[in-house]
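Please go through the following model with its helices in view. The text takes them in turn and then moves to the surface and the charged pairs.

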Amino acid sequence: MISSHLRRIYKNNYFKSLILFLLFLPSIEIIMEMYHIKIIGGEVPNPNHAFFLAALTQGHIIQSIYLWFLPLYFLLFVSGDTVQDYKTGYNNILISKVGKHKYFREKIFVSFWVPFLIMFFSLIINLILCYVLFNGGTYSPSQGLEMPENILFTASIKHPLLTNLVFLLVTSLFSGFSGIVGVSFSFLFKKNEYVYPSVFMLWFLLASRDDSLLFLLQPFAEYDYDVLIPIFLLCIALFVLLWVISYIVEVRYREV
(Lines give C-alpha, C1' and ligand atoms only; values in the text may rest on other atoms or scores of the structure.)
Protein backbone atom coordinates (compact mmCIF):
# COMPACT_ATOMS: atom_id res chain seq x y z
CA MET A 1 0.00 0.00 0.00
CA ILE A 2 2.88 2.40 0.72
CA SER A 3 4.29 1.95 -2.79
CA SER A 4 0.89 2.59 -4.37
CA HIS A 5 0.47 5.71 -2.23
CA LEU A 6 3.88 6.98 -3.34
CA ARG A 7 2.94 6.35 -6.98
CA ARG A 8 -0.23 8.37 -6.49
CA ILE A 9 1.79 11.23 -5.02
CA TYR A 10 4.22 11.10 -7.95
CA LYS A 11 1.34 11.26 -10.44
CA ASN A 12 -0.20 14.24 -8.67
CA ASN A 13 -0.22 17.23 -11.05
CA TYR A 14 1.22 19.47 -8.35
CA PHE A 15 4.00 17.13 -7.29
CA LYS A 16 6.84 17.67 -9.77
CA SER A 17 6.60 21.45 -9.90
CA LEU A 18 5.99 21.81 -6.18
CA ILE A 19 8.81 19.50 -5.14
CA LEU A 20 11.24 21.49 -7.30
CA PHE A 21 9.92 24.66 -5.72
CA LEU A 22 10.43 23.28 -2.21
CA LEU A 23 13.84 21.77 -2.97
CA PHE A 24 15.37 24.93 -4.41
CA LEU A 25 13.45 27.79 -2.78
CA PRO A 26 15.97 28.05 0.11
CA SER A 27 18.80 28.49 -2.37
CA ILE A 28 17.22 31.63 -3.82
CA GLU A 29 18.70 33.31 -0.75
CA ILE A 30 22.14 32.34 -2.08
CA ILE A 31 21.40 34.19 -5.32
CA MET A 32 20.25 37.21 -3.33
CA GLU A 33 23.43 37.16 -1.25
CA MET A 34 25.66 36.79 -4.30
CA TYR A 35 23.90 39.77 -5.89
CA HIS A 36 24.54 41.72 -2.70
CA ILE A 37 28.25 40.83 -2.83
CA LYS A 38 28.85 41.49 -6.54
CA ILE A 39 26.63 44.53 -7.12
CA ILE A 40 26.54 46.30 -3.79
CA GLY A 41 29.93 45.13 -2.54
CA GLY A 42 28.98 43.24 0.59
CA GLU A 43 31.34 40.94 2.47
CA VAL A 44 31.53 37.25 1.58
CA PRO A 45 29.70 35.39 4.36
CA ASN A 46 30.96 32.42 6.29
CA PRO A 47 29.29 29.39 4.60
CA ASN A 48 27.73 28.28 7.89
CA HIS A 49 26.12 31.67 8.44
CA ALA A 50 24.94 31.87 4.84
CA PHE A 51 22.93 28.68 5.40
CA PHE A 52 19.20 29.14 4.82
CA LEU A 53 18.13 28.54 8.42
CA ALA A 54 20.64 31.09 9.72
CA ALA A 55 18.51 33.83 8.07
CA LEU A 56 21.38 36.01 6.85
CA THR A 57 19.40 38.08 4.33
CA GLN A 58 17.45 41.15 5.40
CA GLY A 59 13.72 40.70 5.87
CA HIS A 60 13.94 36.90 5.76
CA ILE A 61 11.35 36.91 2.94
CA ILE A 62 12.24 33.48 1.56
CA GLN A 63 12.23 31.95 5.03
CA SER A 64 8.78 33.39 5.67
CA ILE A 65 7.40 32.05 2.38
CA TYR A 66 8.82 28.60 3.09
CA LEU A 67 8.34 28.06 6.81
CA TRP A 68 5.13 29.95 7.59
CA PHE A 69 3.14 28.02 4.96
CA LEU A 70 4.98 24.71 5.28
CA PRO A 71 2.05 22.37 6.14
CA LEU A 72 -0.08 23.81 3.32
CA TYR A 73 2.50 22.82 0.70
CA PHE A 74 2.42 19.21 1.85
CA LEU A 75 -1.37 19.17 2.01
CA LEU A 76 -1.41 19.76 -1.75
CA PHE A 77 0.24 16.48 -2.67
CA VAL A 78 0.83 14.27 0.39
CA SER A 79 -1.35 14.52 3.46
CA GLY A 80 -4.37 16.02 1.70
CA ASP A 81 -5.11 13.00 -0.50
CA THR A 82 -7.02 11.47 2.42
CA VAL A 83 -9.85 13.90 1.66
CA GLN A 84 -9.79 12.81 -1.98
CA ASP A 85 -10.01 9.16 -0.92
CA TYR A 86 -13.24 9.87 0.96
CA LYS A 87 -14.70 11.94 -1.86
CA THR A 88 -14.18 9.17 -4.40
CA GLY A 89 -14.88 6.25 -2.06
CA TYR A 90 -11.38 4.88 -2.71
CA ASN A 91 -10.86 4.67 1.05
CA ASN A 92 -13.54 1.95 1.22
CA ILE A 93 -11.60 -0.19 -1.25
CA LEU A 94 -8.33 0.22 0.64
CA ILE A 95 -9.89 -0.32 4.07
CA SER A 96 -11.64 -3.47 2.86
CA LYS A 97 -8.26 -4.82 1.76
CA VAL A 98 -5.98 -3.83 4.64
CA GLY A 99 -8.26 -2.66 7.46
CA LYS A 100 -8.78 0.75 9.07
CA HIS A 101 -5.79 0.53 11.38
CA LYS A 102 -3.30 -0.22 8.59
CA TYR A 103 -4.89 2.37 6.31
CA PHE A 104 -4.51 5.03 9.00
CA ARG A 105 -0.96 3.96 9.86
CA GLU A 106 0.16 4.05 6.23
CA LYS A 107 -1.27 7.54 5.72
CA ILE A 108 0.57 8.81 8.80
CA PHE A 109 3.80 7.08 7.73
CA VAL A 110 3.88 8.59 4.24
CA SER A 111 2.65 12.00 5.43
CA PHE A 112 5.60 12.16 7.84
CA TRP A 113 8.44 10.78 5.76
CA VAL A 114 7.79 12.51 2.43
CA PRO A 115 7.87 16.03 3.98
CA PHE A 116 10.82 15.02 6.19
CA LEU A 117 12.89 13.88 3.20
CA ILE A 118 11.93 16.83 1.00
CA MET A 119 13.03 19.28 3.68
CA PHE A 120 16.15 17.27 4.48
CA PHE A 121 17.39 17.26 0.88
CA SER A 122 16.33 20.88 0.34
CA LEU A 123 18.50 22.01 3.24
CA ILE A 124 21.39 19.67 2.41
CA ILE A 125 21.50 21.10 -1.13
CA ASN A 126 21.48 24.60 0.32
CA LEU A 127 24.27 23.85 2.80
CA ILE A 128 26.47 22.26 0.13
CA LEU A 129 25.95 25.23 -2.20
CA CYS A 130 26.87 27.61 0.61
CA TYR A 131 30.14 25.75 1.17
CA VAL A 132 30.95 25.74 -2.56
CA LEU A 133 29.98 29.32 -3.42
CA PHE A 134 31.08 31.05 -0.22
CA ASN A 135 34.23 29.04 0.38
CA GLY A 136 36.67 31.16 2.36
CA GLY A 137 34.05 33.69 3.43
CA THR A 138 34.39 35.08 6.94
CA TYR A 139 31.53 37.52 7.52
CA SER A 140 29.07 36.62 10.25
CA PRO A 141 26.35 38.76 11.86
CA SER A 142 27.43 37.36 15.22
CA GLN A 143 31.12 38.08 14.62
CA GLY A 144 32.71 39.25 17.86
CA LEU A 145 29.51 38.69 19.81
CA GLU A 146 29.95 36.77 23.04
CA MET A 147 27.25 35.44 25.36
CA PRO A 148 29.09 33.17 27.80
CA GLU A 149 25.92 32.62 29.86
CA ASN A 150 24.18 31.24 26.75
CA ILE A 151 25.36 27.63 26.50
CA LEU A 152 23.75 26.89 23.13
CA PHE A 153 24.99 30.07 21.43
CA THR A 154 28.54 29.52 22.69
CA ALA A 155 28.55 25.91 21.47
CA SER A 156 27.04 26.97 18.13
CA ILE A 157 29.83 29.47 17.45
CA LYS A 158 32.47 26.87 18.32
CA HIS A 159 30.88 24.12 16.18
CA PRO A 160 28.92 25.89 13.40
CA LEU A 161 28.68 22.99 10.94
CA LEU A 162 27.47 20.57 13.60
CA THR A 163 24.97 23.21 14.73
CA ASN A 164 23.60 23.59 11.21
CA LEU A 165 23.26 19.83 10.83
CA VAL A 166 21.35 19.54 14.13
CA PHE A 167 18.97 22.37 13.19
CA LEU A 168 18.62 20.84 9.72
CA LEU A 169 17.42 17.60 11.31
CA VAL A 170 15.08 19.43 13.71
CA THR A 171 13.58 21.38 10.80
CA SER A 172 13.14 18.15 8.84
CA LEU A 173 11.47 16.60 11.89
CA PHE A 174 8.97 19.44 12.14
CA SER A 175 8.34 19.27 8.40
CA GLY A 176 7.37 15.65 8.95
CA PHE A 177 5.09 16.65 11.82
CA SER A 178 3.52 19.34 9.63
CA GLY A 179 2.53 16.50 7.29
CA ILE A 180 1.02 14.61 10.22
CA VAL A 181 -0.94 17.74 11.19
CA GLY A 182 -2.34 17.85 7.66
CA VAL A 183 -3.37 14.20 7.50
CA SER A 184 -4.80 14.30 11.05
CA PHE A 185 -7.10 17.21 10.21
CA SER A 186 -7.95 15.46 6.93
CA PHE A 187 -9.14 12.41 8.87
CA LEU A 188 -11.10 14.56 11.30
CA PHE A 189 -12.90 16.85 8.84
CA LYS A 190 -12.70 15.21 5.39
CA LYS A 191 -13.48 18.52 3.68
CA ASN A 192 -10.77 20.83 2.31
CA GLU A 193 -12.70 23.95 3.29
CA TYR A 194 -12.19 22.91 6.94
CA VAL A 195 -8.84 21.13 6.66
CA TYR A 196 -6.78 23.94 5.12
CA PRO A 197 -7.88 26.72 7.53
CA SER A 198 -7.45 24.41 10.53
CA VAL A 199 -3.94 23.36 9.52
CA PHE A 200 -2.83 26.92 8.80
CA MET A 201 -4.40 28.30 11.98
CA LEU A 202 -2.64 25.77 14.23
CA TRP A 203 0.72 26.32 12.52
CA PHE A 204 0.24 30.12 12.51
CA LEU A 205 -0.62 30.20 16.22
CA LEU A 206 2.47 28.17 17.10
CA ALA A 207 4.70 30.28 14.82
CA SER A 208 3.40 33.70 15.88
CA ARG A 209 3.33 33.30 19.66
CA ASP A 210 6.05 34.90 21.82
CA ASP A 211 7.76 31.52 22.22
CA SER A 212 7.55 30.77 18.53
CA LEU A 213 7.89 27.37 16.95
CA LEU A 214 10.23 29.03 14.44
CA PHE A 215 12.84 29.58 17.18
CA LEU A 216 13.51 25.84 16.94
CA LEU A 217 14.46 26.24 13.27
CA GLN A 218 17.01 29.06 13.62
CA PRO A 219 20.67 28.38 14.50
CA PHE A 220 23.00 31.02 15.95
CA ALA A 221 20.11 32.83 17.63
CA GLU A 222 20.03 34.22 21.17
CA TYR A 223 17.66 31.55 22.49
CA ASP A 224 19.14 29.05 24.91
CA TYR A 225 17.97 25.60 25.98
CA ASP A 226 15.67 27.02 28.67
CA VAL A 227 13.64 28.70 25.89
CA LEU A 228 13.86 26.06 23.17
CA ILE A 229 13.18 22.88 25.15
CA PRO A 230 9.72 23.97 26.44
CA ILE A 231 8.75 25.09 22.91
CA PHE A 232 9.92 21.75 21.51
CA LEU A 233 8.00 19.72 24.09
CA LEU A 234 4.82 21.78 23.72
CA CYS A 235 4.78 21.49 19.91
CA ILE A 236 5.53 17.77 19.90
CA ALA A 237 2.86 17.19 22.56
CA LEU A 238 0.25 19.08 20.50
CA PHE A 239 1.11 17.24 17.29
CA VAL A 240 1.05 13.84 18.97
CA LEU A 241 -2.23 14.69 20.72
CA LEU A 242 -3.80 15.67 17.40
CA TRP A 243 -2.51 12.43 15.89
CA VAL A 244 -4.00 10.38 18.76
CA ILE A 245 -7.36 12.16 18.58
CA SER A 246 -7.59 11.57 14.84
CA TYR A 247 -6.74 7.89 15.40
CA ILE A 248 -9.40 7.46 18.08
CA VAL A 249 -12.06 9.21 16.00
CA GLU A 250 -11.20 7.53 12.69
CA VAL A 251 -10.20 4.02 13.69
CA ARG A 252 -12.08 3.38 16.92
CA TYR A 253 -15.39 5.17 16.56
CA ARG A 254 -16.15 6.27 13.01
CA GLU A 255 -17.92 3.93 10.63
CA VAL A 256 -16.33 3.38 7.20
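What follows describes two helices, a long-range comparison, a surface patch and the salt bridges.

This is a predicted model, in which local features need pLDDT of at least 70 and side-chain atom pairs count only at pLDDT 80 or more, while totals for chains, interfaces and linings use all residues. Residues are numbered from 1 along each chain as its sequence is written, and side-chain values use heavy atoms, with hydrogens and water left out.

Helices here are DSSP runs (H or I, at least four residues), numbered from the N terminus. Helix α3 covers residues 28-40, and its 13 residues reach 17 Å from first C-alpha to last, close to the 18 Å expected at 1.5 Å a residue. That expected span is 1.5 Å times one less than the number of residues. E29, I30, E33 and I37 are the buried residues of α3; buried means under 20% relative accessible area, exposed over 50%, and partly exposed in between, with a 1.4 Å probe and protein chains only. Seen down the axis of α3, these buried residues fall within an arc of 105 degrees, so they line one face of the helix. The arc is taken from the directions from the helix axis to the C-beta atoms. I31, K38, I39 and I40 are exposed on the other side of α3. The buried residues pack against α5 (61-67) and α9, where contact means heavy atoms within 4.5 Å. After α3 comes G41, with a positive phi near 90 degrees.

Helix α8 (residues 90-98) has N91, L94 and I95 buried. They cover an arc of only 100 degrees around the axis, which puts them on the same side of α8. S96 and K97 are exposed on the face turned away from that buried side. The buried residues of α8 pack against α7 (81-88) and α9. G99, just after α8, takes a positive phi of about 95 degrees.

Helix α9 (residues 100-133) contains C130. With a relative accessibility of 0%, C130 counts as buried. Leaving aside residues up to four places away in sequence, C130 touches I30, P47, A50, F51 and N135. The C-alpha atoms of C130 and P197 are separated by 35 Å.

Which residues make the nonpolar surface patch of about 540 Å²? They are I2, L6, F109, W113, L117 and F121. Patch residues have over 30% relative accessible area and no salt bridge; nonpolar side chains (Val, Leu, Ile, Met, Phe, Trp, Tyr) are joined within 5 Å, like charges within 9 Å. α9 gives the most to the patch, with four residues. One residue of α9 is F109, which is partly exposed, with a relative accessible area of 41%.

The structure holds three salt bridges, each a side-chain nitrogen of Lys or Arg within 4 Å of a carboxyl oxygen of Asp or Glu. K107 pairs with D81, the closest N and O atoms being 3.1 Å apart. K107 lies in helix α9 and D81 in helix α7, 26 residues apart. K107 also meets D85 in a salt bridge of 2.8 Å, N to O. D81, D85 and K107 are thus linked in a network. K107 counts as buried at 1% relative accessibility, D81 at 12% and D85 at 0%.

K190 forms a salt bridge with E250, with 2.7 Å between the closest N and O atoms. K190 lies in the loop between α11 (160-189) and α12 (192-208) and E250 in helix α13 (residues 225-253), so the pair ties together parts 60 residues apart in sequence. Both K190 and E250 are buried.

Key. Helix = DSSP H or I, 4+ residues; strand = E, 2+ residues; numbered from the N terminus. Areas by Shrake-Rupley, 256 points an atom, 1.4 Å probe, with all protein chains shown as cover.
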